[in-house]
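Please study the sequence and the three-dimensional structure displayed below. The exercises that follow should be attempted before the solutions are read.

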Amino acid sequence: MSKKVIWIPRRLSDATLERARRDYEVIVNEADTPGSAEDIVAMSAKVDGIIPCHSEHFSADVVAQLDPRLKIVANHSVGVDHCDLDALKGAGVVVTNTPDVLSDATAEIAMLLMLGAARHAVRGDRLVRQGEWDSWSPSFMVGKQMTGARLGIVGMGRVGRAFAEKARGFGMEIHYHNRSRLAPDVEQGAVFHEDVESLLEVADFLSLHCPATPDTVDLLNAERIAKLPKGAVVVNTARGALVDEDALLAGIESGHIAAAGLDCFKVEPGGNPAFAAHENIFMLPHIGSATRATRDAMGFRALDNLDAFFAGHEPGDRLV
Ligand code: DGY
């Protein structure tokens, strides 16, 4: 039987590409540039499946132009806000994602951002690196302590729970808001807040871990930022869409927000140039899942989903 043809628009890990090439006829975009709408539409006539990243956008407009040859979009991501799921479902295209396997790596980056934002990592690095570290005093670079502080988590899915587990190791008191309350054995003493507002009121540190959907756009807006205790630290490793960036900037400039740690932005790549003037905003370029082990695991999970689908089984991570 001839091999199915798949398109891999970005350069996935070596192990993923090796396995893909063993089992499929693979077209890889070696240039590793984001697949445009035109690329996606053109490739849909040549392949049976695509393994896109969040950089390839399957909007309703793109989906309307897809060739019926394309049967499955096996995302190399847990977030699927780059896919119009209703449109893909309507077009009869199966969609999968890669949950679980990136939770620890993303929680690690959230921890890095939380620590770095709270303890002035950007300014400290600059002072030492540029030879500007010329004094020390008890009031020099004083930051915010995590041990014993209250951490508010919005979204207690896999990543939120992985982050809570790590934060417990730092002696933080965990509070969370989620669509539904977790079972006591999963909650492990974390305090459930039925609404975001009551969570914000207690959050010395706030970390966002929910998907970007029409309901969560600008979830952290000016009104809600005002509800945070003065001196709170905000962390976002989920999606830039969740934060009203002008409101966050105003919160930083007024001093109401002590610091922020951000791995995602409304505009990616690029970020928000207005944030660059503030050394208490610690920024990373959307690298939450970027560890070797996790990238292999994401690639393999996407291939597992493809394999199951082409073998006539239900893919484990089918969304539509
Ligand atoms: C994800 O998997 O959603 C990460 O943000 C990387 O795309």
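The following exercises treat sheets, helix packing, a ligand shell and two backbone details.

The model is predicted: local features require pLDDT of at least 70 and side-chain atom pairs count only at pLDDT 80 or more, while totals for chains, interfaces and linings use all residues. Residues are numbered from 1 along each chain as its sequence is written.

**Exercise 1. Determine the strand order of the open sheet of 5 strands, and name its edge strands.**

Solution. Step 1: strands are DSSP runs of E with at least two residues, helices are runs of H or I with at least four, and both are numbered from the N terminus. Two strands pair if DSSP finds at least two bridges between them.
Step 2: the order is β2-β1-β3-β4-β5, and the pairing is parallel.
Step 3: β2 (25–28) and β5 (94–96) each pair on one side only, which makes them the edge strands.
Step 4: β1 (residues 5–8) is joined to β2 in the parallel sense over 4 bridges. Within this pair, isoleucine 8 has valine 28 in β2 as its bridge partner.

**Exercise 2. Describe the open sheet of 7 strands and state which strands α5 touches.**

Solution. Step 1: reading across, the order is β8-β7-β6-β9-β10-β11-β12, with parallel pairing.
Step 2: the edges are β8 (191–193) and β12 (281–283).
Step 3: from one strand to the next, the twist averages 15°. Angles run from 0 to 180 degrees between N-to-C directions, and axes are lines fitted to C-alpha atoms, for helices over the stretch in contact.
Step 4: strand β10 (residues 232–236) and strand β11 (residues 257–262) run parallel and are joined by 5 bridges. Asparagine 236 stands opposite leucine 262 in β11.
Step 5: α5 packs on this sheet and touches β9 (205–208), β10, β11 and β12, its direction making about 150° with that of β11. Contact requires that the C-beta atoms of two residues, placed from the backbone, lie within 7 Å.

**Exercise 3. Classify the packing of α1 with α12 and of α5 with α7 as roughly parallel or oblique.**

Solution. Step 1: two packed helices are described by the angle between their axes and the distance between the axes.
Step 2: angles under 35 degrees count as roughly parallel, over 145 as roughly antiparallel, 65 to 115 as roughly perpendicular and the rest as oblique.
Step 3: helix α1 (residues 14–23) packs with α12 at about 20°, the axes being 8 Å apart. The helices α1 and α12 are therefore roughly parallel.
Step 4: the axes of helix α5 (residues 103–118) and helix α7 (residues 158–168) come within 8 Å and cross at roughly 55°. Therefore α5 and α7 are oblique to each other.
Step 5: among the residues of α5 in this contact are Ala107 and Met111, and those of α7 include Val159 and Phe163. The contact of α5 with α7 comprises 6 nonpolar, 2 polar and 3 charged residues. Here Ala, Val, Leu, Ile, Met, Phe, Trp, Tyr, Cys and Pro count as nonpolar, Asp, Glu, Lys and Arg as charged, and the others, Gly among them, as polar.

**Exercise 4. List the residues around the ligand and sort them by class.**

Solution. Step 1: a residue is near a molecule or strand if its C-beta atom, placed from the backbone, lies within 6 Å of it.
Step 2: the residues around the ligand are Cys53, His54, Ser77, Val78, Gly79, Leu102, Gly288 and Ser289.
Step 3: this shell divides into 3 nonpolar, 5 polar and no charged residues.

**Exercise 5. Locate the cis peptide bond and the positive phi of aspartate 100.**

Solution. Step 1: glutamate 268 and proline 269 are joined by a cis peptide bond with omega of about -5°. Proline 269 lies in the loop between β11 and β12.
Step 2: aspartate 100, a residue other than glycine, has a positive phi near 70°. Its place is in the loop between β5 and α5.
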